[in-house]
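Work through the exercises below with the model open. Try each task before reading its solution.

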Amino acid sequence: MINKKGLYSNIKVVFLTIVCSLAFTWASLAYSEDQSNDTMSSATNEFRAAIMEIDLDNNMMVIAEKSVILPFTLQDNTKIWDTEFLDGTGQRMSVNLFKKGDRVLVEGKEISSESIRASKIKLLSRKKAKNLSADESEQEDLPTLQGGVWKN
């Protein structure tokens, strides 16, 4: 004969094991989904546009009406930019050579819909200046991308 008290005790153990397993699985899935949303929100963003403002004192530029944050580290009281600044050929260049109106490619992490933390800014083309003085007219134009081909 089956002992009813022992049977109910076994059923309780099995039932509690199933409930605990389901609760653990549900919590794990919720945590995993939360982590993937965090990863997506900090995805790398890339866009091409003209520089509207440059404010190196405040470590930023305005490009395509977005605040582009230029992260840096201090080394011996000198700013060392964490952002990589590149010319049209992909060579490193000084941030001081960028000018208002230059077309650039910006890569970085979106902080909000209005701002991005730049990891790379690449010069695509210079703004064509009007009525240049003799000194300004000697500045070299960088190549521009036309139909998928770089041209001078």
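Buried means under 20% relative accessible area, exposed over 50%, and partly exposed in between (1.4 Å probe, protein chains only). This is a predicted model: local features need pLDDT of at least 70, side-chain atom pairs count only at pLDDT 80 or more, and totals for chains, interfaces and linings use all residues. Residues are numbered from 1 along each chain as its sequence is written, and side-chain values use heavy atoms, with hydrogens and water left out.

**Exercise 1.** Classify Phe 85 as buried or exposed, then describe its aromatic pair with Trp 81.

Solution. Start with accessibility. Phe 85 has 4% relative accessibility, so it counts as buried. Trp 81, at 21%, is partly exposed. Next, the rings. Rings of Phe, Tyr and Trp (its six-membered ring) pair if their centres lie within 6.5 Å; planes under 30 degrees apart are stacked, over 60 edge-to-face, the rest tilted. The whole structure holds 3 aromatic pairs. In one of them, Trp 81 and Phe 85 stand 6.2 Å apart, centre to centre, with 85° between the planes: edge-to-face. Last, widen the view. Both belong to one aromatic cluster with Phe 72 and Phe 98.

**Exercise 2.** Which strand gives the most to the largest nonpolar core?

Solution. Define the set. A nonpolar core joins buried Ala, Val, Leu, Ile, Met, Phe, Trp, Tyr and Cys residues through side-chain atoms within 4.5 Å. The largest has 18 residues, and Phe 98 and Ile 121 are among those with the most contacts inside it. Now assign strands (E, at least two residues, DSSP runs numbered from the N terminus). S1 (44-55), S2 (60-63), S7 (103-112) and S8 (115-125) each supply at least two core residues. S8 gives the most, with 4. Check Phe 98: its contacts (heavy atoms within 4.5 Å) include Ile 51, Met 61, Phe 85 and Ile 121.

**Exercise 3.** Where is Asp 102, and which side chain does its own side chain meet in a polar contact?

Solution. Locate Asp 102 in the loop between S6 (84-86) and S7. Its relative accessibility is 2%, so Asp 102 is buried. Then apply the polar-contact test: N or O atoms within 3.5 Å, one able to donate a hydrogen and the other to accept it, with sequence-adjacent residues counting only if both atoms are side-chain atoms. The Arg 126 side chain passes at 2.5 Å.

**Exercise 4.** What is the phi of Asp 76?

Solution. Recall the norm: most residues other than glycine have a negative phi. Asp 76 has a positive phi of about 55°. Asp 76 sits in the loop between S4 (72-75) and S5 (78-81). At 74% relative accessibility, Asp 76 is exposed.

Technical notes:
Lists of a residue's contacts leave out its neighbours within four places in sequence.
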